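Work through the following exercises with the sequence and the 3D structure open side by side. Each task is followed by a solution that goes step by step.

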Amino acid sequence: MSNTPMAANPLTRAVLEIDEYASGLGWDQPARLFALVDTARLRSQEPALAAQLGLADEPETTGLTPIEQDEVPTDKPLDEFLGTIAWPDAVVGCALTVERLMLPPSAEAQVPQGLSEAKLAKWVAEHPERQEVRMTVAVLRDGTRDSALRLREKDSSTEVLTGPDLVPGLAQALSVTFED
């Protein structure tokens, strides 16, 4: 994507590209799953698909191409759904973008004990310090991971936080999709 900032490595560039794509769709979107494929391999082994994705005319570069998968089901918990995924060998990594409500660490002590999952979600949604966040998390087969966080109140590409350990639980869940 043309507005994606240059990043130090292909995985970070892919995460930022997916974040930019999701940003263009607006907020209140369902989770989206992406396969990550080696761009050079895609061009050589699947030239028609590379052309369809607009990669045929780009200069030769190393990198990863995100390919959006079918819709993530909304009637099943995300961790259960991820447990059903197995990737073919051509897929070198995967990424997920999902929106959630987050509370600052200072609010942890205020969380009422013994709430059901539904009541806890309602409590968080009504908390005055809640933040809406879009998380884009990616992992490679070799365990490398990266992520991007975008707050709804600071919805700008210059305000996106990146780092490998921002959403460790989701990164681990994605890594499991590559286990035998």
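Helices (H or I, at least four residues) and strands (E, at least two) are DSSP runs, and they are numbered from the N terminus. The model is predicted, so local features need pLDDT of at least 70 and side-chain atom pairs count only at pLDDT 80 or more, while totals for chains, interfaces and linings use all residues. Residues are numbered from 1 along each chain as its sequence is written, and side-chain values use heavy atoms, with hydrogens and water left out.

**Exercise 1. Aromatic pairs**

Find how many aromatic pairs the whole structure holds, and describe how the rings of each are placed.

Solution. Start with the rule: rings of Phe, Tyr and Trp (its six-membered ring) pair if their centres lie within 6.5 Å, and planes under 30 degrees apart count as stacked, over 60 as edge-to-face and the rest as tilted. A search of the whole structure with this rule gives 2 aromatic pairs. One of them joins Tyr21 and Phe34, whose ring centres are 6.0 Å apart and whose planes stand at 90°, an edge-to-face arrangement. Tyr21 belongs to helix α1 (residues 10–25) and Phe34 to strand β1 (residues 32–38), so this pair ties together parts that are 13 residues apart in sequence.

Next, consider accessibility, where buried means under 20% relative accessible area, exposed over 50% and partly exposed in between (1.4 Å probe, protein chains only). Tyr21 is partly exposed at a relative accessible area of 27%, whereas Phe34 is buried at 4%.

Then turn to Trp87 and Phe178, whose ring centres lie 6.2 Å apart with the planes at 25°, so the pair is stacked. This pair links distant parts of the chain, 91 residues apart, with Trp87 in the loop between α4 (78–82) and β3 (91–102) and Phe178 in the segment after α6 (168–176). Both Trp87 and Phe178 are buried.

**Exercise 2. The nonpolar cores**

Identify the residues with the most contacts inside the largest nonpolar core, and the elements that each supply at least two residues of this core.

Solution. A nonpolar core is a set of buried Ala, Val, Leu, Ile, Met, Phe, Trp, Tyr and Cys residues joined through side-chain atoms within 4.5 Å. The largest such core has 28 residues, and those with the most contacts inside it are Leu33, Trp87, Leu96, Leu170 and Leu174. At least two of its residues come from each of β1, α4, β3, β4 (131–140) and α6. A second, separate core has 13 residues, among them Ala14, Phe34, Leu36 and Ala95.

To look at one member, take Leu170 and count as contact any heavy atoms within 4.5 Å. Leaving aside neighbours within four places in sequence, Leu170 is in contact with Leu78, Leu82, Leu96, Val98 and Val137.

**Exercise 3. A buried acid in a helix**

Decide whether Asp19 is buried or exposed, and list the residues that Asp19 is in contact with, leaving aside neighbours within four places in sequence.

Solution. First place Asp19, which is found in helix α1. With 2% relative accessibility, Asp19 counts as buried. Beyond its neighbours within four places in sequence, Asp19 is in contact with Thr136, Ala148, Arg150 and Val160.

**Exercise 4. A positive phi**

State which sign the phi of Asp28 has, and where in the chain Asp28 is placed.

Solution. Begin with the background: most residues other than glycine have a negative phi. Asp28 is not a glycine, yet its phi is positive, at about 65°. Asp28 sits in the loop between α1 and β1, and at 56% relative accessibility Asp28 counts as exposed.

**Exercise 5. Arg100 and its partners**

Locate Arg100 and list the residues that Arg100 touches, not counting those up to four places away in sequence.

Solution. Arg100 lies in strand β3, where its relative accessibility of 41% makes Arg100 partly exposed. Not counting residues up to four places away in sequence, Arg100 touches Leu78, Gln131, Glu132, Val133 and Met135. For Glu132, the separation from Arg100 is 32 residues in sequence and 5.9 Å in space, C-alpha to C-alpha.
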